[in-house]
Amino acid sequence: MEKGLLIKYGEIAIKGNNRRLFENRLALNIKECLQPMGEFWIAKEQGRLFVEAPGEDWTDWTEEAAARISKVFGVVGICVVDVFSEDSFEAISANVNRYIQEHYGGDAATTFKVEVKRANKQYPMTSMELASALGATILEAYPAWQVDVHKPKTVIWVELRGRVYVYSKVIPGVGGMPTGTAGKAALLLSGGIDSPVAGWMMAKRGLELCAVYFHAHPYTTDRAKEKVVDLARKLSLYAGKMRVYVVPFTEIQLSIYEKCPHEQLTIIMRRIMMQIAEKIARKEGALALITGESLGQVASQTLQSLYCTNEVCEMPVFRPVIGFDKQDIVTIANSIDTYETSILPYEDCCTIFVAKHPETKPKLEAIQKSESRLPDMAQQIEKAVDGCEVITVYRGERIE
């Protein structure tokens, strides 16, 4: 008998001829997330992945390994399993009863049912027949147990996938698609609540991320920058390795503040941010931008403002929280542990230079006319891109 983790995945199973590529990437991402714990062996098991650890005492690693794997996009469930090679009914029955004795003792009264999945449809018994027969042997061995197929306290799972896997608990995973299977995008990461959630949501769909943060020293402190790096670290627990580009933005903001109408400050600033982020994205090989904008939440996120902002972009701009209420976003932020960091009182460059009465329905022609007062902006943008500080985070740690 062996012990290990049986990994369930969702959408990957319907990927047809490309399924192998998604499985391989998921296995690689799992192996990378477990790397700090040592070497692990990962095998494909007919619609599942099986993780086996070095050493003999599986209790030393399963809890931590399951916690790490639960944050890997693409995983929908992690099962701590006993594994047997013999698949005759007699062997399966004996091993299931042994499993119950080891994990439950078998004496205390409880309700249960047996669920069977067969990858091998040529097995001489159907899934329902095998489940029923195993239930009967359990009742015979443990008279205090009772069958309840609707709301049982215990479910004994038996999966036949070349070998026989027995388990009774499923640790939920985060779901989604494996990071790196959908390309790469650049996340405009502020110190707020919304942008980390937006990045997490798009990483969940398989995007690899890099991040762009605009820093207006000395108007924003180094602690504000570290707050953003901390948010990136938390995202990297799910999204893997990320480079954070810290853009020196003070000179550009001061130029806008001095030469443009103050009610247009935010829109013009956002348009230039998008241009800088797009240049960084191209350097990274990314094909899209991600923002945390939510329709109507603030003046720069009205439909007219978003129209003006989008006009400078050639790349697609993903806004995954565009239709979310603030509480919807806060709920996700709490679940991924970014909320408490996001609300730390360190202001970013957007809040420092905000107008008292920002325009909520800007006209594109008026914005473009105001930008004509910034004839050297193209050079300033190039200077900002060239002057970026690059910080790398990986699986919750800052590594460069």
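**Reading a predicted chain**

Visitor: Where in the chain is Pro218 found?

Guide: In this predicted model, Pro218 is found in the loop between β11 (208-215) and α6 (222-239).

Visitor: What kind of peptide bond joins His217 and Pro218, and how do you know?

Guide: The bond that joins His217 and Pro218 is cis, and the value to look at is omega, which is about 5°. The case deserves a remark because most peptide bonds are trans.

Visitor: Which residues does Thr250 contact, once its neighbours within four places in sequence are left aside?

Guide: They are His215, Ala216, His217 and Tyr219, and one of these, His217, is also a partner in the cis peptide bond with Pro218. Thr250 itself lies in helix α7, which covers residues 250-259.

Visitor: Why is Thr250 called buried or exposed, whichever applies?

Guide: Its relative accessible area is 14%, and the term buried is reserved for values under 20%, so Thr250 counts as buried. As for its place relative to Val229, the two residues are 21 positions apart in sequence, while their C-alpha atoms are 19 Å apart in space.

Visitor: What makes Gln46 worth a look in the backbone?

Guide: Gln46 is a residue other than glycine, yet its phi is positive, near 50°. That invites attention because most residues other than glycine have a negative phi. Gln46 lies in the loop between β2 (41-44) and β3 (49-52).

Visitor: And what is the case for Arg395?

Guide: Arg395 is not a glycine either, and its phi is positive, at about 50°; this residue lies in the loop between β15 (389-394) and β16 (397-398).

Visitor: How do you know whether Gln46 is buried, exposed or partly exposed?

Guide: The relative accessible area of Gln46 is 47%, and partly exposed covers what lies between the 20% limit for buried and the 50% limit for exposed, so Gln46 is called partly exposed. For Arg395 the value is 14%, which is under 20%, and Arg395 is therefore buried.

Visitor: Which residues make the nonpolar surface patch, and what is its area?

Guide: Leu139, Val147 and Val149 make a nonpolar surface patch of about 240 Å². Leu139 belongs to helix α4, which spans residues 127-141.

Visitor: Why can Leu139 be part of such a patch?

Guide: A patch residue must have over 30% relative accessible area, and Leu139 has 35%, so this condition is met. That value also lies between the limits of 20% and 50%, and Leu139 therefore counts as partly exposed.

Visitor: Why is Leu364 classed as it is, buried or exposed?

Guide: With a relative accessible area of 11%, set against the limit of under 20%, Leu364 is buried. Leu364 is placed in helix α13 (residues 364-371), and, not counting residues up to four places away in sequence, it touches Arg271, Tyr307, Cys308 and Glu311. From Gln253 it is 111 residues away in sequence and 20 Å away in space, C-alpha to C-alpha.

Visitor: How do you know the class of Glu284, a charged residue in helix α8?

Guide: Glu284, placed in helix α8 (residues 265-284), has a relative accessible area of 11%; as this falls under 20%, Glu284 is buried. Leaving aside neighbours within four places in sequence, Glu284 is in contact with Lys184, Cys210, Arg243 and Tyr245.

Visitor: What makes Val174, which lies in a loop, buried or exposed?

Guide: The loop in question runs between β9 (170-172) and β10 (184-188). Val174 has a relative accessible area of 17%, which is under the 20% limit, so Val174 is buried. Its contacts, apart from neighbours within four places in sequence, include Ser70, Val72, Phe73, Trp200 and Tyr238. The C-alpha atoms of Val174 and Arg319, 145 residues apart along the chain, are separated by 20 Å.

Visitor: What share of the residues of the chain count as buried, and how many helices and strands are there?

Guide: Of the 400 residues, 54% count as buried, and the chain has 14 helices and 16 strands. Among the contacts with a separation of 6 or more, 80% come from residues 24 or more positions apart.

Definitions and conventions: Residues are numbered from 1 along each chain as its sequence is written. This is a predicted model: local features need pLDDT of at least 70, side-chain atom pairs count only at pLDDT 80 or more; totals for chains, interfaces and linings use all residues. Side-chain values use heavy atoms; hydrogens and water are left out. Patches are made of residues with over 30% relative accessible area and no salt bridge: like charges are joined within 9 Å, nonpolar side chains (Val, Leu, Ile, Met, Phe, Trp, Tyr) within 5 Å. Accessible areas come from the Shrake-Rupley method with a 1.4 Å probe; for residues, only the protein chains shown count as cover. A salt bridge is a side-chain nitrogen of Lys or Arg within 4 Å of a carboxyl oxygen of Asp or Glu. Helices (H or I, at least four residues) and strands (E, at least two) are DSSP runs, numbered from the N terminus. Buried means under 20% relative accessible area, exposed over 50%, partly exposed in between (1.4 Å probe, protein chains only). Contact means heavy atoms within 4.5 Å.
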